[in-house]
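User: I am new to this structure and would like to go through it by question and answer. Please keep the answers short and end each one on the value or name I ask for.

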Amino acid sequence: MRLATLRRDGCRLGVVREGKVLDVARADEVLGIGVPRDMMALIEGGKEALEKLMTLADEELWEPLSKVRLGPPVPRPNKFLALANERVDATVQVEADPEVETLNYQTGQIPARAVQAQVGGTARIPVTGTKDAPDEPARGMVFFINNINQPVTVPKGTVVATSAGMTIRFTTVEEVTVPGTVGAVAEAEVVAVDPGPSGNVGANLINMIEGPLSLQVKVTNPEP
């Protein structure tokens, strides 16, 4: 047996049992037992009032629960109980793992799935002009002239350069040896350090050797 409040001519005490409800006030009018007719009266009447209520067993007075409208259990309570609330802020670290199937509160792991997307596109931008881009360095031949009476070896990668105007630098392509006589000559191929037409220098403009080798030999380019 359960107690309820019925919304019928105000709030009336009801008893619910096995899908049926008993209007206590109506039953008391028929039976004249003198039971409490509302929830507060029943509470104030205590055990004695509840025992009287248990005597209302006439099945003809019960009606389907679906046909009545229920109200709050205690329509007009004398006291209210309110739970205090306090805001709690917390930071919890979780890990999304594609291999996890269920939420794990202890380890902080949550199920996840990897999502991949491929994007692509093309665009055309009109050009405003053209410019030549050099891709090959200039090449040429130089002569190394001995200043001493001993053979002089000119290593591969020796740097020679021009001295007039902007310095244009070249490196030797292979090692050469100048014979050991003053004025002896050895020919060597050189390649410009920077690609492009700047390496196309005139005859006899390559006249410097970088490093101590310049004390033993001198350099020149008889041809452009």
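User: How many salt bridges does a search of the whole structure find?
Analyst: This is a predicted model. A salt bridge needs a side-chain nitrogen of Lys or Arg within 4 Å of a carboxyl oxygen of Asp or Glu. Searching the whole structure by that rule gives a count of three.

User: Which residue meets the side chain of Asp89 in a salt bridge, and is that partner buried or exposed?
Analyst: Asp89 itself is exposed, at 62% relative accessibility. Its side chain is joined in a salt bridge, 3.0 Å from N to O, to that of Arg87. A residue counts as exposed over 50% relative accessible area. Arg87 has 73%, so the partner is Arg87 and its state is exposed.

User: How many residues apart are Glu189 and Arg139, which meet in a salt bridge?
Analyst: The N to O distance in this salt bridge between Glu189 and Arg139 is 3.3 Å. Glu189 belongs to strand β12 (residues 185–192) and Arg139 to strand β7 (residues 139–146), so the pair links distant parts of the chain. Glu189 is partly exposed at 28% relative accessibility, whereas Arg139 is exposed at 55%. The separation of the pair along the chain is 50 residues.

User: Which residue forms a salt bridge with Glu210?
Analyst: Glu210 sits in the loop between β13 (206–209) and β14 (217–220), and its partner is in strand β10 (residues 169–172), so the pair ties together parts 41 residues apart in sequence. Glu210 is partly exposed, with a relative accessible area of 39%, and the partner is partly exposed at 34%. The closest N and O atoms are 3.0 Å apart, and the partner is Arg169.

User: Which strands stand at the edges of the open sheet of six strands?
Analyst: The order of this sheet is β13-β9-β10-β12-β7-β14, with antiparallel pairing. An edge strand has a single partner strand, so one side of it is left without a neighbour in the sheet. From one strand to the next, the twist averages 40 degrees. The strands at the edges are β13 and β14.

User: How many bridges join β7 to β14?
Analyst: In the sheet order, β7 stands between β12 and β14. With β12, β7 pairs in the antiparallel sense over seven bridges; there Phe144 stands opposite Ala186, and Met141 has Glu189 as its bridge partner. On the β14 side, Ile145 stands opposite Lys218. β7 and β14 run antiparallel, and the number of bridges joining them is four.

User: Is Thr158 buried or exposed?
Analyst: Thr158 is placed in the loop between β8 (152–154) and β9 (159–162). Leaving aside neighbours within four places in sequence, Thr158 is in contact with Phe170, Thr171, Thr172, Ile209 and Leu213. The cut-off for buried is under 20% relative accessible area. Thr158 has 9%, so the word for Thr158 is buried.

User: What distance separates the C-alpha atoms of Thr158 and Leu13?
Analyst: Leu13 falls within the residue range of β2 (11–17), while Thr158 is in the loop between β8 and β9. The two residues are 145 apart along the chain, and their C-alpha atoms are separated by 113 Å.

User: In the open sheet of four strands, which strand of β4 and β3 is an edge strand?
Analyst: The four strands follow the order β1-β2-β3-β4, and the pairing is antiparallel. Each edge strand pairs on one side only, and these are β1 (2–7) and β4 (62–64). The twist averages 40 degrees from one strand to the next. Strand β3 (residues 20–23) pairs with β4 over three bridges, and the edge strand of the two is β4.

User: Which residue in β4 is the bridge partner of Lys20?
Analyst: Lys20 lies within the range of strand β3 (residues 20–23), which pairs with β4 in the antiparallel sense. The bridge partner of Lys20 in β4 is Pro64.

User: At what angle does α1 run to β2?
Analyst: Helix α1 covers residues 24–31. This helix lies across β2, β3 and β4, and its angle to β2 is about 90 degrees.

User: What is the area of the nonpolar surface patch made by Val30, Leu31 and Ile33?
Analyst: Patches are made of residues with over 30% relative accessible area and no salt bridge. Val30, found in helix α1, is exposed at 54%. Together with Leu31 and Ile33, Val30 makes a nonpolar patch of about 230 Å².

Methods
Residues numbered from 1 in each chain as written. Predicted model: local features only at pLDDT ≥ 70, side-chain atom pairs only at ≥ 80, totals over all residues. Heavy atoms only, no water. Patch = residues over 30% accessible without salt bridge, like charges linked within 9 Å, V, L, I, M, F, W, Y side chains within 5 Å. Areas by Shrake-Rupley, 256 points an atom, 1.4 Å probe, with all protein chains shown as cover. Buried < 20%, exposed > 50% of the residue type's maximum accessible area, 1.4 Å probe, protein only. Pairing = 2+ DSSP bridges. Axes fitted to C-alpha atoms, helices over the stretch in contact; angles between N-to-C directions. Contact = heavy atoms within 4.5 Å.
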